[in-house]
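Me: I should like to go through this structure with you. Could we begin with the overall picture and then turn to individual residues?

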Amino acid sequence: MLIAAIALGVAGCGGKQSTLDTHSTQSHDIRTLWWWMLVVAGIVFLGAIAMLTIGWIRRSRPGLPFFGQSERVETRLVVLFGMVIPVVVLVALFFVANVYVIGKTEPPKPGSTAMSVEVTGHQWWWEAHYPGTTAVTANEIHIPAATRVEVIGNTDDVIHSFWVPELNRKIDLIPGRNNRLLLDADSPGVYRGQCAEFCGLQHAHMSFEVIAQPPAQFRAWLQNMAADARPPTTPAEQAGQQDFMADQCASCHTIRGTAAQGQIGPDLTHLASRSTIAALTLPNDAEYLPRWIRDPQHFKPGNRMPGLNLSDQDVAALVSYLRSLR
């Protein structure tokens, strides 16, 4: 039992989404505060255990162990561990957390960052717009590394919460209001994020990635994202585009450069450039993409994409077309 409890306790300290594996100044300050809180809480906890132990021993014989019958010592220990230390610790942590850490992690002032990204939460996926360009993506938010980026967060339906623990604290996304957050990754890498506010049936499957790239690589990515979709070139891709426009796909999704201008689901203009689908639920490959098209409710019950009862031929054509959108 003890080994199992220890394993569960450390399970959240590593992996792809760790609050202790920090990659920005802001997340480093949060981690440092957490460690100090843990150490101080441990000391206070041990003091409380010591007082309880002394009380238990005192029930069997008068006076304190090692102190004889001195009530003055008893009173001083109670005041010290029961009042003075908790008050001093709480005041110190309140000051450090509210004056220092919150100040270091607060949203940037408007116009003080090199760029901004508008992130919108939907049930249950993420949409990212890059102001000043036509670039739109979903669930995989690219930023330049070692660059201050302002995230402007809002929601299209219920309350969501945008959290990338390796980069900064979370912000709530509230209908009718824009909240802001600073992302500043120290180095290139992929940092997993999650909706941290229960938002419905598929809340646990509302994840995303922040992909920090070298600035030159990011600029090339952004330029590609701002372009319209590449026209289909093969017969299979052309058939897939026709099926996409003829079925309900075009009424829910946008593919820039075509007549598909739906606003319900993610923008698919450059779908094939993403590594996952359904908010990191499935890999975006030749195996899972057709399975998702056939029966999206199987993988993510309650999402707004219906199964269309397509034939195998239509699914194959759609996959050929969608996988050409890079």
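**Overall build and selected residues**

Reply: This is a predicted model. Of the 326 residues of the chain, 42% count as buried.

Me: How many helices and strands does the chain have?

Reply: There are nine helices and 12 strands in the chain. The chain is more spread out than a compact globule, because its radius of gyration is 27 Å, well over the 20 Å that the globule rule gives for 326 residues.

Me: And what does the C-alpha trace span along its principal axes?

Reply: The span of the C-alpha trace is about 95 × 45 × 35 Å.

Me: What share of the contacts with a separation of 6 or more comes from residues 24 or more positions apart?

Reply: Such residues account for 63% of those contacts in the chain.

Me: Let us turn to the surface. What area does the chain expose, and how many positive and negative side chains are there?

Reply: The exposed area is about 17,500 Å², and carbon and sulfur atoms supply 62% of it. The chain has 25 positive and 27 negative side chains, with the centres of the two sets 11 Å apart.

Me: Now the cysteines. How many disulfides does the structure hold?

Reply: The structure holds zero disulfides. C195 is in none, and the nearest cysteine sulfur to it, that of C199, is 3.8 Å away. A disulfide here requires two cysteine sulfur atoms within 2.5 Å.

Me: Is C195 buried or exposed?

Reply: C195 is buried, and its relative accessible area is 2%.

Me: Why is there no bond between C249 and C252?

Reply: The sulfur of C252 is the closest cysteine sulfur to that of C249, but at 8.0 Å it is too far for a bond. C249 is also buried, with a relative accessible area of 14%.

Me: Changing topic, where is G111?

Reply: G111 lies in the loop between α3 (71-105) and β1 (115-122).

Me: Is G111 buried or exposed, and how far apart in space are G111 and E150?

Reply: G111 is exposed, with a relative accessible area of 76%. From C-alpha to C-alpha, G111 and E150 are 9.1 Å apart in space, while 39 residues apart in sequence.

Me: Finally, which residues of helix α9 are buried, and what do they pack against?

Reply: In helix α9 (residues 312-322), the buried residues are V315, A317, L318, V319, Y321 and L322. These buried residues of α9 pack against α5 (235-246) and α7 (288-294).

Terms used
Residues are numbered from 1 along each chain as its sequence is written. This is a predicted model: local features need pLDDT of at least 70, side-chain atom pairs count only at pLDDT 80 or more; totals for chains, interfaces and linings use all residues. Side-chain values use heavy atoms; hydrogens and water are left out. Helices (H or I, at least four residues) and strands (E, at least two) are DSSP runs, numbered from the N terminus. The radius of gyration is taken over C-alpha atoms; the globule rule is 2.2 Å times the number of residues to the power 0.38. Buried means under 20% relative accessible area, exposed over 50%, partly exposed in between (1.4 Å probe, protein chains only). Contact means heavy atoms within 4.5 Å. Accessible areas come from the Shrake-Rupley method with a 1.4 Å probe; for residues, only the protein chains shown count as cover. Lys and Arg count as positive and Asp and Glu as negative; His and the chain ends are not counted. The place of a charge is taken as NZ of Lys, CZ of Arg, CG of Asp or CD of Glu.
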